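Open the model in your viewer and keep the selection panel at hand. The tour below goes from one selection to the next and says what is found at each stop.

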Amino acid sequence: MSEPAALGIDLGGTQIKAVVIDKVGGVLWKSRLETGDAEERPWAERIRALAEEQGAGLPVGISAPGLAARDRRTIAHMPGRLAGLEGLDWTALLGKPTLVPVTNDAHASLLGEAWKGGAAGLRDVVMLTLGTGVGGAILADGRLLRGTIGRAGHLGHISLAVDGAQDIVGTPGSLEDAIGNHSILARSGRRFSTTHALIAAHLAGDAAASEVWLRSIRALACGVVSLINVLDPEAVIVGGGIAQAGAALFVPLQEELDAMEWKPAGHRVRIIPALLGEWAGAIGAAREAMLGT
């Protein structure tokens, strides 16, 4: 039987996901818990209990939203969500003698996909996570691009329309506002409250729903080709809840890319669905813990 090698914990706004992996990335145990009331911080105690029960003697890694500090001990910037997360020293909280590396959740997801998922074996990859917002991460020459303050990979905040409304970070006409679930009420004239409901109506032949959905996919394609031209990746990995739409997303997305992607000498960038699903962040966090980075 494989020996446990690391515990990875992915802290989200609604759920905590945890995995124990062996040294080759096999998942030996996994579990999910409710995050709980953000103001009372029950998530901190739940994670500490997880670390004591499943991570005794193991290195532990944390995946969480926000900008990870350069020393990897804390989330340095995460306003408006998960009160108490900013500045929380996870190594001290969990009482570990060695560093508990803290990684931005989208970064951790790409690290998981690059190790055991859709990006395995690739060295230059862009990842987009489509959900409430649009997250992202970049692997450049085999290394995660973190940037000066940990901001690299916030790909949802690229601008697609110079005259568009500003998004939550001030970007006009952002990719996040063009396809993220948070803006679906506004984009659909208040007909749909979720992207999944919009897609269901599109698949049922609702012409108005199809117009909204296909316009959203065109915006996504514009963002993807822009990232391709800047970063020249081998592949773009697409994950998140909206990616669960499968062919309803990937078929029209590829059709748009066929028309607008720059393909020198016929070279095309692969569009690959994420394979690890909701466990990618926890697996990436466990990988970081195992490597001791």
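**Two hairpins around strand 9**

Select strands 8 and 9: a hairpin joins strand 8 to strand 9 through three residues. Keep in mind that the model is a predicted one. Strand 8 covers residues 125-130, and its pairing with strand 9 is antiparallel, over six bridges. To check the register, pick Met127; its bridge partner in strand 9 is Ala137.

Now show strand 9 by itself, residues 134-140. Is strand 9 mostly covered or not? Mostly covered: five of its seven residues are buried.

Extend the selection to strand 10, residues 143-144, which runs antiparallel to strand 9 and is joined to it by two bridges. One pair to label is Ala140 with its bridge partner Arg143 in strand 10. These two strands also form a hairpin, with two residues between them. In the turn, Asp141 has a positive phi of about 55°.

**The five-strand sheet**

Next, display the open sheet of five strands, whose order is 3-2-1-4-7 and whose pairing is mixed. Strand 3 and strand 7 (102-104) are at the edges with a single partner strand each, so one side of each has no neighbour in the sheet. On average, neighbouring strands here are turned by 20° against each other, direction ignored.

Within this sheet, look at strands 2 and 3, which pair in the antiparallel sense over seven bridges. Select Gln15 and then its bridge partner in strand 3, Glu34.

Two helices can now be added to the view. Helix 1 packs on the sheet and touches strand 1, strand 2, strand 3 and strand 4; its direction makes about 165° with that of strand 1. Helix 3, residues 105-116, also packs on the sheet, touching strand 1, strand 2, strand 4 and strand 7. The direction of helix 3 makes about 95° with that of strand 7.

**Helix 1, face by face**

Isolate helix 1, residues 42-54. With 13 residues at 1.5 Å a residue, the expected span is 18 Å, and the end C-alpha atoms are 18 Å apart, so the two agree.

Which residues of helix 1 are buried? Colour Trp43, Ala44, Ile47, Leu50 and Ala51. Looking down the helix axis, these buried residues fall within an arc of 125°, so they line one face of helix 1. An α-helix has 3.6 residues a turn, so residues three or four places apart point the same way. The buried residues of helix 1 pack against strand 1 (6-11), strand 2 (15-21), strand 3 (27-34), strand 4 (60-64) and helix 2. Rotate to the face turned away from the buried side to find the exposed residues Glu52 and Glu53.

**A loop residue by helix 1**

Pick Gly84, in the loop between strand 6 (75-77) and helix 2 (90-93). Its relative accessibility is 35%, so Gly84 counts as partly exposed. Leaving aside residues up to four places away in sequence, Gly84 touches Arg41 and Trp43. Draw a distance from Gly84 to Ala44: they are 40 residues apart in sequence, and their C-alpha atoms are 9.0 Å apart.

**Last stop: a crossover**

Finally, select strand 11 (residues 235-239) and strand 12 (residues 270-273), which pair in the parallel sense over four bridges. Val236 has Ile271 as its bridge partner in strand 12. Follow the chain from strand 11 through helix 8 (residues 247-260) to strand 12: this β-α-β crossover is right-handed.

Definitions and conventions. Residues are numbered from 1 along each chain as its sequence is written. This is a predicted model: local features need pLDDT of at least 70, side-chain atom pairs count only at pLDDT 80 or more; totals for chains, interfaces and linings use all residues. Side-chain values use heavy atoms; hydrogens and water are left out. Buried means under 20% relative accessible area, exposed over 50%, partly exposed in between (1.4 Å probe, protein chains only). Contact means heavy atoms within 4.5 Å. The expected span of a helix is 1.5 Å times one less than its number of residues. The arc is that of the directions from the helix axis to the C-beta atoms. Two strands pair if DSSP finds at least two bridges between them. A crossover is right-handed if, with the strands pointing away from the viewer, the path from the first strand over the helix to the second runs clockwise. Axes are lines fitted to C-alpha atoms, for helices over the stretch in contact, and angles run from 0 to 180 degrees between N-to-C directions.
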